[in-house]
Amino acid sequence: MALAALLIAVITLPLSSPARGELTIIEHPVEASRPLRLLVIGDWGRKGRYNQSGVAKQMGKVAEDVSIDMVVSTGDNFLDDGLASVDDKAFHESFVDVYTAKSLQKPWYLVLGNHDYRGDVLAQLDPALRNIDSRFICMRSFVVEAGNVDFFFVDTSPFQLKYWTDPGEDHYDWREVAPREAYIENLLKDLDTAMKRSRATWKVAVGHHTMRSVSSHGDTQELLQLLLPVLKDNSIDLYINGHDHCLEHISSRDSCSPIQYFTSGGGSKAWRGVFRPNDDKLEFFYDGQGFMSLEVDGDLARAVFYDIDGQALHSWSLSKSRRLQVDQPPICSCSSKIRSCSSNLDAKSIYAVSSS
Ligand SMILES: *[C@@H]1O[C@H](CO)[C@@H](O)[C@H](O)[C@H]1NC(C)=O
């Protein structure tokens, strides 16, 4: 209760009077003595159907085992057409009444997906929803500071050009977003500013749309062109998304910006049966339902994918101090001059290139 009150106190002010050109920052209280633990789920709100309830049950078990601090949602929170109003029963049927485990009664930080944009977006963003369920913290783009991890939540739907130019039967609620170009330009500037200010050991970006994906949506070209350079420039460690209804881990082959791409979009309907490899390194792909956990303990980050039976399918971990040692001297400030450095050069030879 105290936590909920604190959160609301922290975020009510900026929401009601957003400083122009600044992203809202939420300080998530952490205990310095213990690791930060969270679950990531995407593409889920189907009133319990398509195994949503089964995934929710396993999330509750895993969350109880490791005692999580928060849940992150990668969007498409309410399928197929977002929320119709703050009174939409779907808020209960797809969220409140599904993620009922005691262990999941933590703050949920949510971005919007393209399907959320097909409803009344202002309703889904309305803080009034927190009077119904105080966990639900959904904004377009914002920052969550949690000890040595900063999360940068990015509203990716406006990037996808075809929603604007070729919406077909679908209607997108672009209130407070249009025109697209100005919105994206401001957003990228705000993200860059927030990321440059960040002093966190780990920088994690979260959006709905895929950056790198081997499933049905594939890569989102607009994000590769517009958002990825900002992530690279600011040494973002992980990009986590949904949109494709599966679980994926892909690591970048760019040794200057070794971003890890995670797709956690297995919250309900899955099994698309599409597999199309791309140029980056595929570490893991599962076409079915599931979710991801992330644990950050100082220099060490660890991600695990779970299926609907709670079975750990894939895990990845990275120690930052070790990586920095390998990269010393500071070659991977990666100026434009050495951005082409390849991973099979050792630190000394790259340093020679950069200092010549
Ligand atoms: C639900 O999950 C089980 C186990 O993975 C799977 O066999 C079944 O096809 C899933 N149902 C749907 C509708 O995806």
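This passage walks through the fold, the core, the ligand shell and a few backbone details of a predicted model.

The protein chain contains 10 helices and 15 strands. Of its 356 residues, 44% count as buried. Contacts that reach far along the sequence are well represented: among those between residues at least 6 apart, 72% join residues at least 24 apart.

Two open sheets can be traced, and it is convenient to begin with the one of seven strands. Its order is β5-β4-β3-β2-β13-β14-β15, and the pairing is mixed. The edges are taken by β5 (136-138) and β15 (312-319); each has a single partner strand, so one side of each is left without a neighbour in the sheet. On average, neighbouring strands here are turned by 20° against each other, direction ignored. At the β15 edge, strand β14 (residues 300-307) runs antiparallel to β15 and is joined to it by seven bridges. Within this pair, tyrosine 306 faces alanine 312 of β15. The two strands make a hairpin with four residues between them, and the turn includes glycine 310, whose phi is positive at about 80°.

The other open sheet is built from eight strands, also with mixed pairing, in the order β1-β6-β7-β8-β9-β11-β10-β12. Here β1 (24-27) and β12 (281-286) are the edge strands, and because each has a single partner strand, one side of each lacks a neighbour in the sheet. From one strand to the next, the twist averages 15°. The edge strand β1 is held to β6 (residues 142-146) by four bridges, and the two run parallel. Threonine 24 has phenylalanine 142, in β6, as its bridge partner. Both kinds of pairing described above follow a familiar pattern: strands of a sheet pair through backbone hydrogen bonds, either parallel or antiparallel. Helix α7 (residues 180-197) lies across β6, β7 (149-154) and β8 (202-207), and runs at about 180° to β7.

Turning to the interior, the largest nonpolar core has 83 residues, of which Leu39 and Phe151 touch the most other members. Beyond residues up to four places away in sequence, leucine 39 touches Met59, Val62, Ala63, Ile68 and Val71, together with Phe291, Met292 and Ser293.

Methionine 211 offers a second view of a buried site, this time in a loop, the one between β8 and α8 (221-233). This methionine counts as buried because 25 other C-beta atoms lie within 10 Å, where the threshold is 20 or more. Setting aside neighbours within four places in sequence, methionine 211 is in contact with Asp219, Thr220, Leu223, Leu224, Leu228, Tyr239, Asn241 and Tyr261. The C-alpha atoms of methionine 211 and phenylalanine 262 are separated by 9.1 Å, although these residues are 51 apart along the chain.

The ligand has its own set of surrounding residues, namely Tyr50, Asn51, Ala270, Trp271, Gly288, Gln289 and Ile308. Sorted by class, this shell comprises four nonpolar and three polar residues, with no charged ones.

Several features of the backbone also deserve a look. As background, most residues other than glycine have a negative phi, and most peptide bonds are trans. One cis peptide bond joins leucine 79 and aspartate 80, with omega of about 0°; aspartate 80 belongs to the loop between β3 (70-73) and α3 (90-96). Another cis bond leads from alanine 178 to proline 179, again with omega near 0°. Proline 179 sits in the loop between α6 (161-165) and α7.

The loop between α6 and α7 also holds glutamate 176, a residue with a positive phi of about 70° although it is not a glycine. Glutamate 176 is exposed, because 10 other C-beta atoms lie within 10 Å. A positive phi, near 55°, is likewise found at serine 67, which is placed in the loop between α2 (52-66) and β3. Serine 67 has 11 C-beta neighbours inside 10 Å and therefore counts as exposed.

Key. Residues are numbered from 1 along each chain as its sequence is written. This is a predicted model: local features need pLDDT of at least 70, side-chain atom pairs count only at pLDDT 80 or more; totals for chains, interfaces and linings use all residues. A nonpolar core is a set of buried Ala, Val, Leu, Ile, Met, Phe, Trp, Tyr and Cys residues joined through C-beta atoms within 7 Å. A residue is buried if 20 or more other C-beta atoms lie within 10 Å of its own, exposed if 12 or fewer, and partly exposed in between; C-beta atoms are placed from the backbone. Two residues are in contact if their C-beta atoms, placed from the backbone, lie within 7 Å. A residue is near a molecule or strand if its C-beta atom, placed from the backbone, lies within 6 Å of it. Ala, Val, Leu, Ile, Met, Phe, Trp, Tyr, Cys and Pro count as nonpolar, Asp, Glu, Lys and Arg as charged, and the others, Gly among them, as polar. Two strands pair if DSSP finds at least two bridges between them. Axes are lines fitted to C-alpha atoms, for helices over the stretch in contact, and angles run from 0 to 180 degrees between N-to-C directions.
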